[in-house]
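Visitor: I am new to protein structures, and I would like to learn how their labels are earned. Could you show me one and talk me through it?

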Amino acid sequence: MGSTLTNLIPLILMFAIFYFLLIRPQQKRQKKTREMQASLEKGQKVITIGGMHGIIDAMDEGTITVRTTDGTKMVFDRAAVREAITE
C-alpha cells in the first residue's frame with residue numbers, strides 16, 4: 001500500500017504543476033477574451049486577429065462591421081476581434 005502511494009505522489013505533483021503553469025493561465029486568457037468580445041460597442045477601435053485596424057460601424061449578435069481609415073466596411077465574426085483599443 002505504501003509503495004503504491006509513493007509511486008503516485010510524483011505523478012500527482014506533475015499534474016498539479018502542469019495545471020497551475022499551463023492550463024489555468026490559458027483558461028483565464030480565454031475568459032478575458034470572451035468578456036472583451038462580448039462588451040464591444042459601436043464606435044470602438046479594434047484590431048482583428050488578422051491585424052486589421054478599424055472602428056466598429058455596426059454590430060449584430062455574432063458579427064461586427066468594421067470601417068477602415070479609407071472608409072471600406074468589412075464584416076467579421078466577433079471572435080475575430082483580438083483587441084479593443086481604449087484611449
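Guide: Here are some questions and answers about this predicted model.

Visitor: Welcome news! How are the strands of the sheet ordered?

Guide: Five strands make an open sheet, with the order 4-3-2-1-5 and antiparallel pairing. From one strand to the next, the twist averages 45 degrees.

Visitor: Why are strand 4 and strand 5 said to stand at the edges?

Guide: Strand 4 (73-77) and strand 5 (81-85) each have a single partner strand, so one side of each is left without a neighbour in the sheet.

Visitor: How do you know that strand 1 and strand 5 pair?

Guide: Pairing needs at least two bridges between the strands. Four bridges join strand 1 (residues 45-48) to strand 5, so the two count as a pair. They run antiparallel, and Ile47 stands opposite Glu83 in strand 5.

Visitor: What makes the contact between Arg67 and Asp57 a salt bridge?

Guide: The cut-off is a side-chain nitrogen of Lys or Arg within 4 Å of a carboxyl oxygen of Asp or Glu. For Arg67 and Asp57, the closest N and O atoms are 3.5 Å apart, so the pair qualifies as a salt bridge. Arg67 is in strand 3 and Asp57 is in strand 2 (residues 53-59), 10 residues apart.

Visitor: And why does Lys73 with Asp57 get that label?

Guide: Their closest N and O atoms are 3.0 Å apart, which is within 4 Å, so this pair is a salt bridge too. Lys73 lies in strand 4 and Asp57 in strand 2, so the pair ties together parts that are 16 residues apart in sequence. The structure holds two salt bridges, and Asp57, Arg67 and Lys73 are linked in a network.

Visitor: Why is Asp57 called buried?

Guide: Buried means under 20% relative accessible area. Asp57 has 19%, so the label buried applies.

Visitor: What about Arg67 and Lys73: how exposed is each?

Guide: Exposed means over 50%, and partly exposed lies in between. Lys73 has 52% relative accessibility, so Lys73 counts as exposed. Arg67 has 31%, so Arg67 is partly exposed.

Visitor: Which residues make up the largest nonpolar core?

Guide: There are 10 residues in all, including Met36, Leu40, Phe76 and Ala80. Strand 3 (63-67) and strand 5 are the elements that give two or more residues to this core.

Visitor: What does Ala80 touch, leaving out residues up to four places away in sequence?

Guide: Ala80 touches Thr48 and Ile49.

Terms used:
Residues are numbered from 1 along each chain as its sequence is written. This is a predicted model: local features need pLDDT of at least 70, side-chain atom pairs count only at pLDDT 80 or more; totals for chains, interfaces and linings use all residues. Side-chain values use heavy atoms; hydrogens and water are left out. Axes are lines fitted to C-alpha atoms, for helices over the stretch in contact, and angles run from 0 to 180 degrees between N-to-C directions. A nonpolar core is a set of buried Ala, Val, Leu, Ile, Met, Phe, Trp, Tyr and Cys residues joined through side-chain atoms within 4.5 Å. Buried means under 20% relative accessible area, exposed over 50%, partly exposed in between (1.4 Å probe, protein chains only). Contact means heavy atoms within 4.5 Å.
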